[in-house]
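Subject: Handover of a structure and notes on its features

Dear colleague,

Please find the structure below, together with its sequence. My notes on what was found in it follow directly after.

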Amino acid sequence: MSAHCQVTGRSPGFGKSVSHSHVRTNRRWNPNIQRKTYFVPSEGRRVTLTLSAKGIKTIDRDGIDAVIARLRARGEKF
């Protein structure tokens, strides 16, 4: 599963880890990605989405139907 949210588009951030001796090594900040299954009443079926924690809150606020409509307008398959 890729670390990419389908709703918000959040993806990993990249940077450097700096040690006490100031040696810099590559590192990566992953978003909190989870697979969630929602029942979509308008379609009468379940949809599984890859979401960040903020994406889950967006669905709670706007509703699954509105979010699914936005994803379809963007041309995403699920």
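Directly after helix α1 comes Gly-63, which has a positive phi, near 100°. Please bear in mind that this is a predicted model.

A positive phi also occurs at His-22, where the value is about 70° although the residue is not a glycine. Most residues other than glycine have a negative phi. His-22 is placed in the loop between β1 (13–18) and β2 (24–29).

Helix α1 itself, residues 53–62, has two sides that can be told apart by accessibility. Its buried residues are Gly-55, Ile-56, Thr-58 and Ile-59. These four residues cover an arc of only 155° around the axis, and therefore they lie on the same side of α1. Lys-57, Asp-60 and Arg-61, on the other side of α1, are exposed. What do the buried residues of α1 pack against? Their partners are the strands β3 (33–40) and β4 (45–52), along with helix α2 (64–74).

I turn next to the charged side chains. The structure holds 5 salt bridges, and three of them are described here.

Glu-43 takes part in two of these. In one, its side chain meets that of Arg-45, at 2.9 Å from N to O. In the other, Glu-43 pairs with Arg-72, with the closest N and O atoms 2.4 Å apart. Arg-72 belongs to helix α2, whereas Glu-43 sits in the loop between β3 and β4, so this pair ties together parts that are 29 residues apart in sequence. As for accessibility, Glu-43 is partly exposed, with a relative accessible area of 29%. Arg-45 also counts as partly exposed, at 34% relative accessibility, and Arg-72 does so at 45%.

A further salt bridge joins the side chains of Asp-62 and Arg-70, at 2.7 Å from N to O. Asp-62 is partly exposed at 30% relative accessibility, and Arg-70 is partly exposed at 40%. Salt bridges that share partners join another set of residues, namely Glu-43, Arg-45 and Arg-72, into one network.

When you open the model, you may wish to begin with α1, viewing the side that carries Gly-55, Ile-56, Thr-58 and Ile-59, and then to look at the network of Glu-43, Arg-45 and Arg-72.

With kind regards

Notes
Residues numbered from 1 in each chain as written. Predicted model: local features only at pLDDT ≥ 70, side-chain atom pairs only at ≥ 80, totals over all residues. Heavy atoms only, no water. Buried < 20%, exposed > 50% of the residue type's maximum accessible area, 1.4 Å probe, protein only. Arc of directions from axis to C-beta. Contact = heavy atoms within 4.5 Å. Salt bridge = Lys/Arg side-chain N within 4 Å of Asp/Glu carboxyl O.
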